[in-house]
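Visitor: I would like to learn how to read a model like this one, feature by feature. Could you walk me through it?

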There are 2 protein chains.
Amino acid sequence: MTGERPIRLAIVDDDPLVRAGLRILVGGSPDIEVVAEAGDGAEAVTAADAHWPDIILMDIRMPRVDGLVATRRIRSREGAPQVIVLTTFDADEYVLEALRGGASGFLLKDTPPREILAAVRSVASGAATLSPTVIRRLIDHVADPEAGTRRARARARLADLTEREREVAILVGQGHSNAEIAGELGMSLPTVKGHVSRLLSKLDLNNRVQIALLVHDAELL
Amino acid sequence: MTGERPIRLAIVDDDPLVRAGLRILVGGSPDIEVVAEAGDGAEAVTAADAHWPDIILMDIRMPRVDGLVATRRIRSREGAPQVIVLTTFDADEYVLEALRGGASGFLLKDTPPREILAAVRSVASGAATLSPTVIRRLIDHVADPEAGTRRARARARLADLTEREREVAILVGQGHSNAEIAGELGMSLPTVKGHVSRLLSKLDLNNRVQIALLVHDAELL
DNA sequence: CGCCTTCCGCACGGATCGCTCAGGATGGCG
DNA sequence: CGCCATCCTGAGCGATCCGTGCGGAAGGCG
């Protein structure tokens, strides 16, 4: 990697001291070159357009336009630079919002300098880098025990249905009427009714909406 | 960390060669001690009970009981050991299922030996460790633009509803009948019908199931 | 084969849903 | 005040849904 052209880096932080620190940090690495700095999100967007960096180190809490919004704006273009969020706050909302906005990294400011540089290189080569606590947050978020067991329970209840019944249940879950289902599955309307009726009784439900909700909990799409 | 008692490690893989390789790898690290080995998921569960390791390196594809099921079983107990999944396959399903099952690590088998050891130590000290490609997968999953915008779109459609209409919509989304809604909100049955009817027309839908699905997309629970 | 079980299919009736039309209450505006 | 707009409320009626009952096809078993 060091034999290639240097990585073009932009630094975005409202605190001049932080920017200076990062600049000095990068100064020791000939394979990384600081091509732009910005003090808020608005400047960041224009700087990204003007200097086409490979990577942007982005703070979140900044005046005018914050880093999350700036990230989304920058990443919405084709061939946009990669964004690594670098902040003191690892609140769940921030992490998810940043990653959804297109960030490829999320580092806390207590990250050792060496690892910040490593993250820049790693993201430049296509990977993603997150601080350990951020990874933990992300895992907890997808692991969401509630959602997991709800799906499992729903699947269990749907387990001993006939193949035909399951097909009908899924179409009910899509919001189709009995007539539509009849057409879709090639059977008569009263037959569909029969299946729906059996579904209600087997699953101990009161109406088709509850069938639909159960199907969605089971994630049969 | 090296001054403490050694990390108790269990190795679970159906391939004796892989187990041997890992054993030799760990052999060079005095701070890690292999206390158990297992060749399938069932053995893994009993071994975890018998030897209470701190960390388990777990393969996924194994005869009888696979690593995902074994992970879930082991992690369902109090004070269970941490599990690091170590596999060649990084399919989305595997990653999510493993993390939901309680795994604290997910490494691909092409991970350099040094980093496997680092991951063991890191997880032992409470952090989580994922291979870069796995992190990428995880990010893509939470970033899922579809889910994010679906919620946003659903909210937008529900935005210009009356307060009363929204209340009715939510109860429809819970699977309640019109009569139940009437009781719940203290109005007459025909009134509820009127609201539902207006909901269908305003939202351009065909039946109450679709209202329910929209409410759930908007996450109004 | 005869018997049983399970599933699919269908028809009828009562219950529920969904549409249309309309009255009444509130608030803004000239 | 008169007028309009918006919202909540309600009644009548046709369409759809849901429950019950029944017949037929397919498979297991003595």
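Visitor: How many of the ten residues of helix α11 (residues 208–217) of chain A are buried?

Guide: Some ground rules come with that. This is a predicted model, where local features need pLDDT of at least 70, side-chain atom pairs count only at pLDDT 80 or more, and totals for chains, interfaces and linings use all residues. Residues are numbered from 1 along each chain as its sequence is written, chains are lettered from A and ligands numbered from 1 in the order in which they are written, and side-chain values use heavy atoms, with hydrogens and water left out.

Guide: Now the terms. Helices (H or I, at least four residues) and strands (E, at least two) are DSSP runs, numbered from the N terminus. Buried means under 20% relative accessible area, exposed over 50%, and partly exposed in between (1.4 Å probe, protein chains only). In α11(A), eight of the ten residues are buried, so the helix is largely enclosed by the rest of the structure.

Visitor: Which residues of α11(A) are the buried ones?

Guide: They are A:Arg208, A:Val209, A:Gln210, A:Ile211, A:Ala212, A:Leu213, A:Leu214 and A:Val215.

Visitor: What do the buried residues of α11(A) pack against?

Guide: Look for contacts, meaning heavy atoms within 4.5 Å. In chain A the partners are α7 (145–159), α8 (163–173), α9 (178–185) and α10, and chain B adds α8 (163–173) and α11.

Visitor: Which residue has a side-chain oxygen close to a backbone nitrogen at the start of α11(A)?

Guide: Here we need polar contacts: pairs of N or O atoms within 3.5 Å; within protein, one must be able to donate a hydrogen and the other to accept it, and residues adjacent in sequence count only if both atoms are side-chain atoms. A side-chain oxygen of A:Asn207 comes to within 3.1 Å of the backbone nitrogen of A:Val209. Just after the helix, A:Glu219 has a positive phi of about 55°.

Visitor: Where else should I look for a positive phi, and is B:Trp52 buried or exposed?

Guide: B:Trp52, which is not a glycine, has a positive phi of about 30°. This residue sits in the loop between α2 (41–51) and β3 of chain B, and its 56% relative accessibility makes it exposed. B:Asp204 is another non-glycine, with a positive phi of about 60°. Its loop joins α10 (189–203) and α11 (208–217) of chain B, and at 66% relative accessibility B:Asp204 is exposed.

Visitor: What is the strand order of the open sheet in chain B?

Guide: Strands pair if DSSP finds at least two bridges between them. Six strands follow the order β2-β1-β3-β4-β5-β6, with parallel pairing. The edges are β2 (32–38) and β6 (129–130) of chain B; each has a single partner strand, so one side of each lacks a neighbour in the sheet. β1 (residues 7–12) and β2(B) pair in the parallel sense over six bridges, and B:Arg8 has B:Glu33 of β2(B) as its bridge partner.

Visitor: Which residues are the closest to DNA strand C?

Guide: A residue is near a strand if one of its heavy atoms lies within 4 Å of it. Of the 16 residues surrounding DNA strand C, the closest are A:Thr162, A:Arg164, A:Ser188, A:Thr191 and B:Arg208. Of the strand's atoms within 4 Å of the protein, 66% belong to sugar or phosphate and the rest to bases. A polar side-chain atom of A:Thr191 is 2.6 Å from a phosphate oxygen, while one of B:Lys193 is 2.9 Å from a base oxygen. For B:Ser197, the distance from a polar side-chain atom to a phosphate oxygen is 3.0 Å.

Visitor: And which residues are the closest to DNA strand D?

Guide: Again 16 residues surround the strand, and the closest are A:Arg208, B:Thr162, B:Arg164, B:Ser188 and B:Thr191. Sugar and phosphate make up 67% of the atoms of DNA strand D within 4 Å of the protein. An N or O atom in the side chain of A:Arg208 is 2.8 Å from a phosphate oxygen of DNA strand D, and for A:Ser197 that distance is 3.2 Å. A:Asn178 uses a backbone N or O atom, 3.1 Å from a phosphate oxygen.
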